[in-house]
Amino acid sequence: MTQNECNPHFPKLFSPMRIGKLEVKNRFVVPAVTTNFAEPNGDVGDRLINYLAARAQGGFGLIVTENLGVHESGRVMPRMGMADTDERIPHLARLAQAVKSTVRFSWDRSVTQAVRRAARSRANRCSRRRHSPAR
Ligand SMILES: Cc1cc2nc3c(=O)[nH]c(=O)nc-3n(C[C@H](O)[C@H](O)[C@H](O)COP(=O)(O)O)c2cc1C
C-alpha cells in the first residue's frame, strides 16, 4: 500500500510537486521560522544545522531556512544567521550538505530566505544611511 492510499483524504500530500524547475518529493514544507540558533558571530553552526537536518530526516520535502542577513544592515537579532561575506560560504555549504545527506531522494531541496533591511526602513531613514542592493 502506498502512502497516498493510506491517506485517502489527502491524496496529494505524499506526491511530488514542481515549483518552476524545482522538483520536491512531497508537499510537506518547513516554513521560515526564526530560531535564534545561529552562532553569536552570525555563522550558521551546529545548532541550526542539526535542527534543520532533523527536519530533513523527518521527511519534509522542502525546507525554507529562517531569514539570513545578506548585509550587516539586515542583522536584526543577536543570533541571526548571516550570508553576507564569502567567509560564510563553508558554513552555509555545511548546512546544505547536512540537509541533503539526511534525505533519501536526490530531489529533496532546501531554500533560503535572504533579508536585507530596506533602504527606506525606519532605522535607515533615521541614520540617513543608504546601501546599494545586495548582490
Ligand atoms: C516564531 C516564528 C518565527 C518566524 N520566522 C519567520 C522568518 O524568519 N521568515 C519568514 O518569512 N516568516 C517567519 N515566520 C512566519 C512563518 O513562516 C509563517 O507563520 C508560517 O509560514 C505559517 O504561515 P501562516 O502564519 O500563514 O499560517 C515566523 C513565524 C513564527 C511563529
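Two residues are in contact if their C-beta atoms, placed from the backbone, lie within 7 Å. The model is predicted: local features require pLDDT of at least 70 and side-chain atom pairs pLDDT 80 or more, while totals for chains, interfaces and linings use all residues. Residues are numbered from 1 along each chain as its sequence is written.

Select leucine 95 to begin. Beyond its neighbours within four places in sequence, leucine 95 is in contact with Val44, Ile49 and Leu52.

Next, display the largest nonpolar core (buried Ala, Val, Leu, Ile, Met, Phe, Trp, Tyr and Cys residues joined through C-beta atoms within 7 Å; buried means that 20 or more other C-beta atoms lie within 10 Å of a residue's own). This core has 13 residues, of which Ile49, Leu52, Ala53, Ala56, Ile63, Leu95 and Val99 touch the most other members. Two or more residues come from each of helix H2 (46-58), strand S4 (62-69) and helix H3 (89-101), these elements being DSSP runs (helices H or I, at least four residues; strands E, at least two) numbered from the N terminus. The greatest contribution, five residues, is that of H2.

Now isolate H2 and colour its buried residues: Leu48, Ile49, Leu52, Ala53 and Ala56. Viewed down the helix axis, they fall within an arc of 125° (taken from the directions from the axis to the C-beta atoms), so they line one face of H2. Step past the helix to glycine 59, which follows H2 and has a positive phi, near 110°.

Finally, select the ligand. Seven residues surround the ligand (C-beta atom, placed from the backbone, within 6 Å), and Pro31, Ala32, Thr34, Glu66 and Asn67 come nearest.

Conventions:
A residue is buried if 20 or more other C-beta atoms lie within 10 Å of its own, exposed if 12 or fewer, and partly exposed in between; C-beta atoms are placed from the backbone.
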